[in-house]
Amino acid sequence: MTAERDFIPLRLCVLTVSDSRTLAEDSSGDYLIQALTEAGHGLVERRLLPDDRYQLRAAVSQWIADRGVDGVLVTGGTGFTGRDSTPEALLPLLDKEMPGFGELFRALSFEEIGTSTLQSRAFAGLANGTFVFCLPGSTSACRTAWDQIIRAQLDARTRPCNLATLRPRLLEPAHKE
């Protein structure tokens, strides 16, 4: 006998990384905010920052230190140009990487953009009990990531397992032998 799980609304932040966009032109951030609120989650804060690893690290560090934030969605800065520095900025903050996210994102993206997906350095992980998802800057990439991966994993009703129901156990101490 299994009880039906209830939806657990999470508190999420959205960060757009761009040297060329303003908030008024940020269709990727707009999409993520619309998608997360339509799914029943709450937006804690939204920011747009230039592709500067120290500004990115400072903003995300502030959010992962806040017990009122369950997750961070970052869009942009995951490519190969000289200014793309999201992985270099944020990977050092992660306690645990989630390799399956980047692998699955690129597999799904291959169906849409072919071999161009190899230029994506999308990744995810866990930092101080907070989920961090780093996506490419295009709205279509954000849609693929949210619709096909993140939405279901942040929904406690997703079976057989999901990230949302892990929240109470993310900061438990490691087992000592």
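Biologist: How many salt bridges does a search of the whole structure find?

Modeller: The search turns up 11 salt bridges. Keep in mind that this is a predicted model.

Biologist: Take Arg46 and Asp30. What makes that pair a salt bridge?

Modeller: Their closest N and O atoms are 2.8 Å apart. The cut-off is a Lys or Arg side-chain nitrogen within 4 Å of an Asp or Glu carboxyl oxygen, so the pair qualifies. As background, side chains of opposite charge can pair when their charged atoms come close.

Biologist: And why say that the pair ties together parts of the chain?

Modeller: Arg46 sits in strand β2 (residues 42-49) and Asp30 in helix α1 (residues 27-38), so the bridge ties together parts that are 16 residues apart in sequence.

Biologist: Why is Arg46 called partly exposed?

Modeller: Its relative accessibility is 25%. Buried needs under 20% and exposed needs over 50%, so Arg46 falls in between. Asp30, at 35%, also counts as partly exposed.

Biologist: What about Arg169 and Glu172: which of those words fits each of them?

Modeller: Arg169 comes out at 51%, and the bar for exposed is over 50%, so Arg169 counts as exposed. Glu172 has 42%, which makes it partly exposed. These two form a salt bridge as well, with the closest N and O atoms 3.3 Å apart.

Biologist: Which residues are joined into one network by salt bridges that share partners?

Modeller: Arg21, Asp26, Asp30 and Arg46.

Biologist: How do you know that Glu88 and Arg121 form a salt bridge?

Modeller: The closest N and O atoms are 2.6 Å apart, and the limit is within 4 Å, so the pair passes. The two come from distant parts of the chain: Glu88 is in helix α3 (residues 86-90), while Arg121 is in the loop between α4 (99-113) and β5 (123-127), 33 residues apart. Glu88 is partly exposed, with a relative accessible area of 30%.

Biologist: Now the cysteines. How many disulfides does the structure hold?

Modeller: It holds 0 disulfides.

Biologist: Why is Cys13 too far for a bond?

Modeller: The closest cysteine sulfur, in Cys134, is 13 Å from the sulfur of Cys13. A disulfide needs the sulfurs within 2.5 Å, so this pair is too far for a bond. Cys142 is in no disulfide either, its nearest cysteine sulfur being that of Cys134, 11 Å away.

Biologist: Are Cys13 and Cys142 buried or exposed, and what makes you say that?

Modeller: Cys13 has a relative accessible area of 0%, and Cys142 has 0% too. Buried means under 20%, so Cys13 and Cys142 are buried.

Biologist: What about Asp70, buried or exposed?

Modeller: Asp70 has a relative accessible area of 3%, and the buried limit is under 20%, so Asp70 is buried. You'll find Asp70 in the loop between α2 (53-65) and β3. Leaving aside residues up to four places away in sequence, Asp70 touches several residues, including Leu10, Phe131 and Arg167.

Biologist: On to the sheet. In what order do its strands run?

Modeller: The 6 strands go β2-β1-β3-β6-β5-β4 in an open sheet with mixed pairing.

Biologist: What makes β2 and β4 the edge strands?

Modeller: Each of them pairs on one side only.

Biologist: How do you know that β3 and β6 pair?

Modeller: There are 5 bridges between strand β3 (residues 71-75) and strand β6 (residues 130-135). Pairing takes at least two bridges, so β3 and β6 pair. They run parallel, and Thr75 has Leu135 as its bridge partner in β6.

Biologist: Which way do β5 and β6 run, parallel or antiparallel?

Modeller: Antiparallel, joined by 5 bridges. Ala124, for one, has Phe133 as its bridge partner in β6. Their hairpin has 2 residues between the strands, and Asn128 there takes a positive phi near 55°.

Biologist: Why is β5 called mostly covered?

Modeller: In β5, 5 of its 5 residues are buried. Phe123, Gly125 and Ala127 point one way, and Ala124 and Leu126 the other way.

Biologist: Which helices lie across β6?

Modeller: α4 lies across β4, β5 and β6, at about 30° to β6. Helix α5 (residues 139-153) lies across β3 and β6, at about 140° to β6.

Note on methods. Residues are numbered from 1 along each chain as its sequence is written. This is a predicted model: local features need pLDDT of at least 70, side-chain atom pairs count only at pLDDT 80 or more; totals for chains, interfaces and linings use all residues. Side-chain values use heavy atoms; hydrogens and water are left out. Buried means under 20% relative accessible area, exposed over 50%, partly exposed in between (1.4 Å probe, protein chains only). Helices (H or I, at least four residues) and strands (E, at least two) are DSSP runs, numbered from the N terminus. Contact means heavy atoms within 4.5 Å. Axes are lines fitted to C-alpha atoms, for helices over the stretch in contact, and angles run from 0 to 180 degrees between N-to-C directions.
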